[in-house]
Amino acid sequence: MRISICCTDTKVEPWLTGLRAALPQASVELWAPGAPAADYAVVWAPPQQFLDEQAQLKALFNIGAGVDALLQLRLPPKTRVVRLDDAGMSVQMAEYVCHALIRHFREFDHYAADVAQGKWSYRRPRLRTECPVGIMGLGVLGQRVAKAVAQFDFPVLGWSRSVKQVEGVRCFAGQTQLPEFLAHSKVLVCLLPLTEDTRGILRRDTLSQLQSGGYLINVARGAHLVEEDLIPLIDSGHLAGATLDVFRQEPLPASHPFWAHPKITVTPHTSARTLRDESIAQIVGKMLACERGEPVAGVVDRNRGY
Ligand code: NDP
Ligand code: OXD
């Protein structure tokens, strides 16, 4: 079995060492132009030349959950595209979202500001029943986040493409149920894949449908949000603020108004990092399953876009 690694913006040596150690019988090499044809590839943001040269691949393993950037490239038509399926990301995502939610709900930023001035002050406790959390995307990450949020007794709503039943979650599906889902949500968490259907889904008319005093947590992709629409909604008081981990342009340009806005928290696309050892174990397991002709989880449906 021949495996090619082609990852840009990533330290590749540890992936090479890890894959070689896990598959001693395979030939694992870093790709270079003109390299021999491989059976499988492990990729992150590969150049088009790689895909053009490696048209015979049985499967491409993306070392992330989102495949929006990969699907923009011209892919070999018969190659399966496989994404990471959790691999240690869902617990990180649950931590991140719960942290952002609780920091907002318990007004910890206000307490920090008071304490910084030496003030011992109290705020009126808020009711969880008045803070329903709507999660857009009930996939691997969205369901894990829903479970974590529900453990803090917030009412949880979820929205997906297909109809779902998830314990403890009031589920909505499809475009027709989007207005009802938004109208019943106060905190909105975006965990959708970026597709033609979801690009720009967080915009003035959708965010305006959230309950007044709403809060946005975007941990999916920057292009879900129409960035120009956010600050006016916050400054008008309709939204109380936002926590954003992803941006249309990353790194977020130094002049971007999100950096300085007092009600926007920015983090550098770090809510759920790819964990190398877990990911290598998952990818190797899937390669071996492919060799045995068995089905694997996380195969991307190119028509759906995720
Ligand atoms: P999944 O594919 O498991 O889940 C996607 C969910 O979105 C599914 O519930 C799906 O519905 C729903 N969905 C897709 N299209 C629509 C639509 N048009 N309308 C309504 N619902 C829709 O993905 P993951 O949970 O693994 O990951 C989600 C995204 O999170 C990734 O694509 C990536 O962009 C982002 N991400 C961000 C990270 C970060 O560090 N910031 C880290 C990892 C991922 P259905 O169930 O019906 O198919
Ligand atoms: C991913 C990401 O998609 O890190 O895995 O954004």
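This is a dialogue in which a visitor learns to read some features of a predicted model.

Visitor: Hello! Where should I start, and which residues surround ligand 2?

Guide: Welcome! A good way to begin with a ligand is to list its neighbours. Around ligand 2 you will find Gly64, Ala65, Gly66, Met89, Arg221, His269 and Ala272. Sorted by class, this shell holds 3 nonpolar, 3 polar and 1 charged residues.

Visitor: Which polar atoms lie by the oxygen atoms of ligand 2?

Guide: For that, we look for N or O atoms within 3.5 Å of each other. Glycine 66 offers a polar backbone atom, 2.7 Å from an oxygen atom of ligand 2. Arginine 221 brings a polar side-chain atom to 2.8 Å from an oxygen atom of the ligand, and histidine 269 has a polar side-chain atom 2.7 Å from an oxygen atom of ligand 2. As for cover, ligand 2 taken alone exposes 210 Å², and the protein buries 84% of that.

Visitor: Now the other ligand. Which residues come nearest to ligand 1?

Guide: Ligand 1 has 29 residues around it, and the nearest are Arg83, Leu141, Ser162, Lys164 and Tyr306. The classes in this shell are 15 nonpolar, 8 polar and 6 charged residues.

Visitor: What backbone atoms lie by the oxygen atoms of ligand 1?

Guide: You can look at three places. In glycine 139, a backbone N or O atom is 3.1 Å from an oxygen atom of ligand 1. In valine 140, such a backbone atom lies 2.9 Å from an oxygen atom of the ligand. A polar backbone atom of alanine 272 is 3.3 Å from an oxygen atom of ligand 1. Alanine 272 also belongs to the residues surrounding ligand 2. Taken alone, ligand 1 exposes 940 Å², of which the protein buries 93%. Helix 3 (89–105), helix 5 and strand 7 are the elements that give two or more residues to its shell.

Visitor: Let us stay with strand 7. Are its residues buried or exposed?

Guide: To judge a strand, check the cover on each residue, then on each face. Strand 7 spans residues 156–160, and 5 of its 5 residues are buried. On one side are Val156, Gly158 and Ser160, on the other Leu157 and Trp159, and both faces are covered.

Visitor: Which strands are joined to strand 7, and how many bridges are there?

Guide: For pairing, follow the bridges and the direction of the strands. Strand 6 (residues 133–136) runs parallel to strand 7, with 4 bridges between them. Isoleucine 135, for one, has glycine 158 of strand 7 as its bridge partner. Between these two strands the chain passes through helix 5 (residues 140–151), making a right-handed β-α-β crossover. Strand 8 (residues 170–173) is also parallel to strand 7 and joined to it by 4 bridges. There, tryptophan 159 stands opposite phenylalanine 172.

Visitor: What can I learn from backbone angles, and where is there a cis peptide bond?

Guide: Omega describes the peptide bond, so to speak, and phi the turn of the chain at a residue. 
The cis peptide bond joins glutamate 250 and proline 251, with omega about -10°. Proline 251 sits in the loop between strand 11 (239–244) and strand 12 (264–266).

Visitor: And what is the phi of alanine 87?

Guide: Alanine 87 has a phi near 50°, a positive value in a residue other than glycine. Its place is the loop between strand 5 (80–82) and helix 3. Glutamate 107 is not a glycine either, and its phi is positive at about 60°. That residue lies in the loop between helix 3 and helix 4 (108–116).

Visitor: Why does alanine 87 count as buried?

Guide: The cut-off to remember is that buried means under 20% relative accessible area. Alanine 87 counts as buried because its relative accessibility is 9%. Glutamate 107, at 12%, counts as buried too.

Visitor: Is glutamate 294 buried or partly exposed?

Guide: Glutamate 294 counts as partly exposed because its relative accessibility is 34%. You can find this residue in the segment after helix 9 (276–291). Its side chain makes a polar contact with the side chain of arginine 292, at 3.0 Å.

Visitor: How many residues separate glutamate 294 from threonine 270 in sequence?

Guide: They are 24 residues apart in sequence, and in space their C-alpha atoms are 33 Å apart. Happy exploring!

Note on methods:
Residues are numbered from 1 along each chain as its sequence is written. Chains are lettered from A and ligands numbered from 1 in the order in which they are written. This is a predicted model: local features need pLDDT of at least 70, side-chain atom pairs count only at pLDDT 80 or more; totals for chains, interfaces and linings use all residues. Side-chain values use heavy atoms; hydrogens and water are left out. A residue is near a molecule or strand if one of its heavy atoms lies within 4 Å of it. A polar contact is a pair of N or O atoms within 3.5 Å; within protein, one must be able to donate a hydrogen and the other to accept it, and residues adjacent in sequence count only if both atoms are side-chain atoms. Accessible areas come from the Shrake-Rupley method with a 1.4 Å probe; for residues, only the protein chains shown count as cover. Ala, Val, Leu, Ile, Met, Phe, Trp, Tyr, Cys and Pro count as nonpolar, Asp, Glu, Lys and Arg as charged, and the others, Gly among them, as polar. Buried means under 20% relative accessible area, exposed over 50%, partly exposed in between (1.4 Å probe, protein chains only). Two strands pair if DSSP finds at least two bridges between them. A crossover is right-handed if, with the strands pointing away from the viewer, the path from the first strand over the helix to the second runs clockwise.
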